[in-house]
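Consider how charged side chains pair along a chain and across it, and how the backbone of a single residue can depart from the usual pattern. The paragraphs below take these topics in turn.

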Amino acid sequence: MFDFFKKKNKPSSNEMVELKKDLFPDYEEIKNLTIIDIRDLEDVEYYGRLENSIHIPFDEYFASKLLMLDKNKKYGIMDLRGIVSDLKEAERIAKEIGLDAKALRGGFFYITEVLNIKPVKE
């Protein structure tokens with residue numbers, strides 16, 4: 001009836017257990033990426049920006065602006081909360097253009113609140 005009451009086979013001491021990587025970025029990963037910030041201008045002005053970020057709003061000119069970026073760098077794509085479907089679409093477009101890019105789960109709020117990377121306000 002309830003599967004969680006059943007005993008599960010545990011790996012033997014000789015078997016290696018594969019750990020799943022956390023899907024959220026860590027501090028070192030953020031510091032080693034150039035962040036493509038796809039938030040609206042109003043959000044950037046209100047909350048600030050990350051030092052290692054480039055603000056490219058996710059609009060009809062997004063793909064053409066990505067073409068100007070250095071294809072030898074690694075990029076992280078960030079929105080406000082990291083859950084918007086636009087984030088995955090932005091990642092897809094960046095990869096089609098040939099950028100080494102990944103969507104950053106958790107977005108700006110995760111990076112600033114959990115990883116404690118302070119934004120810059122201008």
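In this predicted model, a useful place to begin is Glu29, which has a relative accessibility of 17% and therefore counts as buried, since the cut-off for that class is under 20%. This residue forms a salt bridge with Lys102, and the closest N and O atoms of the two are 2.6 Å apart. The pair links distant parts of the chain, for Glu29 belongs to helix H1 (residues 27–31) while Lys102 belongs to strand S4 (residues 100–103), with their positions 73 residues apart in numbering. Lys102 has a relative accessible area of 29%, so this partner is classed as partly exposed. As a general matter, side chains of opposite charge can pair when their charged atoms come close.

The contact between Glu29 and Lys102 belongs to a set of salt bridges whose count comes to 6 under the distance rule applied here. Others of this kind are found within helix H4 (residues 85–97), where Lys95 and Glu91 both lie, 4 residues apart, or about one turn of the helix. Lys95 forms a salt bridge with Glu91, and their closest N and O atoms are 3.5 Å apart, a separation that still qualifies because the criterion asks for a side-chain nitrogen of Lys or Arg within 4 Å of a carboxyl oxygen of Asp or Glu. Of these two residues, Glu91 is buried, with a relative accessible area of 11%, whereas Lys95 is partly exposed at 48%. The pair is also part of a wider arrangement, in which Lys88, Glu91 and Lys95 are linked in a network of salt bridges.

Helix H4 also holds Arg92 and Glu96, again 4 residues apart and about one turn of the helix from each other. Arg92 forms a salt bridge with Glu96, with the closest N and O atoms 2.4 Å apart. Here Arg92 counts as partly exposed, at 38% relative accessibility, while Glu96, at 61%, counts as exposed.

Turning from side chains to the backbone, what is the sign of phi at Asn116, a residue other than glycine? Phi of Asn116 is near 60 degrees, which is a positive value. Most residues other than glycine have a negative phi. Asn116 is placed in the segment after helix H5 (107–114), and its relative accessible area of 48% means that Asn116 is partly exposed.

Terms used:
Residues are numbered from 1 along each chain as its sequence is written. This is a predicted model: local features need pLDDT of at least 70, side-chain atom pairs count only at pLDDT 80 or more; totals for chains, interfaces and linings use all residues. Side-chain values use heavy atoms; hydrogens and water are left out. Helices (H or I, at least four residues) and strands (E, at least two) are DSSP runs, numbered from the N terminus. Buried means under 20% relative accessible area, exposed over 50%, partly exposed in between (1.4 Å probe, protein chains only).
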